[in-house]
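Student: I have a model open and want to learn how to read it. Where do we begin?

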Amino acid sequence: MKKIGNFLGNAWGQRALILVIIMVVMLIFQQKFFTLSNLSSILLAIAVYGIMAGGMLFTVLTGGMDLSVGSMAALSGTILAMQVDTNGYTVQSFIVGVAISLIVCIIVGCLHGSLVTFFGMPAFVVTLATQYLLSGVVQRVTGGKYVQAIDDGIFFKLGNAKLAGIPMPVVIFIVYAIICAIVLGYTTYGRRIYAVGGNATAANLVGIRTRFTIIVAYVVSSISAGIGGMVLVSMNMQAGTTTASGYEGNVLMAMVVGGINLAGGEGGVPGAIFGALLVGVINNVQILIGIPSDYQKFVQGVIIIGAVILNMYTSRRSQGLTRAKTKKPAEKVPVAK
């Protein structure tokens, strides 16, 4: 019983318990959840959330935030869809579209990082502003209409093909997650990310280029959103202002549910992946049991608040246990005989 209590007191134990409870409830009340087609749709949703979460993780670890990922995904996907629809569904046209999309992502990421580091603007305000700005750009270039991109070539394969029986979006997600994990866990830049998020002033004093580190983090976030947007547009074969609408909320929820410290310096790719998994499952469950769309946002808000409270409780509990273990026993006072 003590081992079970310790496991449930651990953050990963609590997350696993939540997932198990959801699975058991769905097994009892909604067995459609376990059909192959439904599990496949969950997996595809998780792939898109996961790609975008992998990039936002970099900004969150620095103590920042990127609320523009949904609009960035829409713009990136729209650029690619318009490029191949206008110039043909060839490999060359596809590569040009991807290149233009990624260049735009890099520019937006540099803009975010520069405004945050050089001008001291809050990341929340900067990325919220560009969320609306990018959405307006998509609205303008599309005229408020969807860009239909019907094709069975390379553009279609990006979001619909399979590699060794695994959907291509999932393959891209797995590869991208591995790259992010290697960068954060085994490179100098990854260590600098955690150092800046832990204490930017101290990191700057020891010679870490904090501004450069933060700017690159925002560039990675924008590129991740762009890749997720291109994959999503390929899956749907259309792009527009509603592409990836609300995804920034899902990605943020993945961060919180995955135990990523929004203050920075704490968390990793496994947590972000688990968060994306749980978000995909929760969203799917809400649809299956017929929760109205108006209430789904309410449920997500409750989950975010609950996850933050749980993370705070787990963090304080672990700190308490650490202090208890490191506390030196009181010295025995010799008794005079």
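Tutor: Begin at the end of a helix. Helix α4 is followed by Gly-88, and the phi of Gly-88 is positive, near 100 degrees. Keep in mind that this is a predicted model.

Student: What span does α4 cover, and what is expected for it?

Tutor: Compare the end-to-end reach with the expected rise of 1.5 Å a residue. Helix α4 runs over residues 69–87, 19 residues in total. Its first and last C-alpha atoms lie 27 Å apart, close to the expected 27 Å.

Student: Is α4 largely enclosed or largely open?

Tutor: Count its buried residues. In α4, 15 of the 19 residues are buried, so the rest of the structure largely encloses this helix.

Student: How do I picture which side chains share a face of a helix?

Tutor: An α-helix has 3.6 residues a turn, so residues three or four places apart point the same way.

Student: What does α13 look like by these tests?

Tutor: Helix α13 covers residues 269–288, which is 20 residues. It reaches 29 Å between its first and last C-alpha, close to the expected 28 Å. Of those 20 residues, 15 are buried, so α13 too is largely enclosed by the rest of the structure. Just after α13, Gly-290 takes a positive phi of about 80 degrees.

Student: Now a single residue. Where is His-112, and is it buried or exposed?

Tutor: His-112 sits in helix α5, residues 91–117. Its relative accessibility is 0%, and the cut-off for buried is under 20%, so His-112 counts as buried.

Student: Which residues does His-112 touch, leaving out those up to four places away in sequence?

Tutor: Seek partners beyond the local stretch of chain. His-112 touches Asp-66, Ser-68, Val-126, Thr-127, Thr-130, Tyr-218 and Ser-222. Take Asp-66: it is 46 residues from His-112 along the chain, yet their C-alpha atoms are separated by 8.5 Å.

Student: What share of contacts is long-range in the whole protein?

Tutor: Among contacts with a separation of 6 or more, 77% join residues 24 or more positions apart. The protein has 14 helices and four strands. Buried residues make up 46% of its 337 residues.

Student: And the surface: how much of it belongs to carbon and sulfur atoms?

Tutor: The accessible surface comes to about 17,400 Å², and 68% of that belongs to carbon and sulfur.

Student: Which elements have the lowest and highest mean pLDDT?

Tutor: Where pLDDT is low, the predicted coordinates should not be read in detail. Among the elements, helix α1 (residues 2–9) has the lowest mean, 57, while α5 has the highest, 96. The protein averages 86, and 89% of the residues score at least 70.

Key:
Residues numbered from 1 in each chain as written. Heavy atoms only, no water. Helix = DSSP H or I, 4+ residues; strand = E, 2+ residues; numbered from the N terminus. Expected span 1.5 Å × (residues − 1). Buried < 20%, exposed > 50% of the residue type's maximum accessible area, 1.4 Å probe, protein only. Contact = heavy atoms within 4.5 Å. pLDDT = per-residue confidence, 0-100. Areas by Shrake-Rupley, 256 points an atom, 1.4 Å probe, with all protein chains shown as cover.
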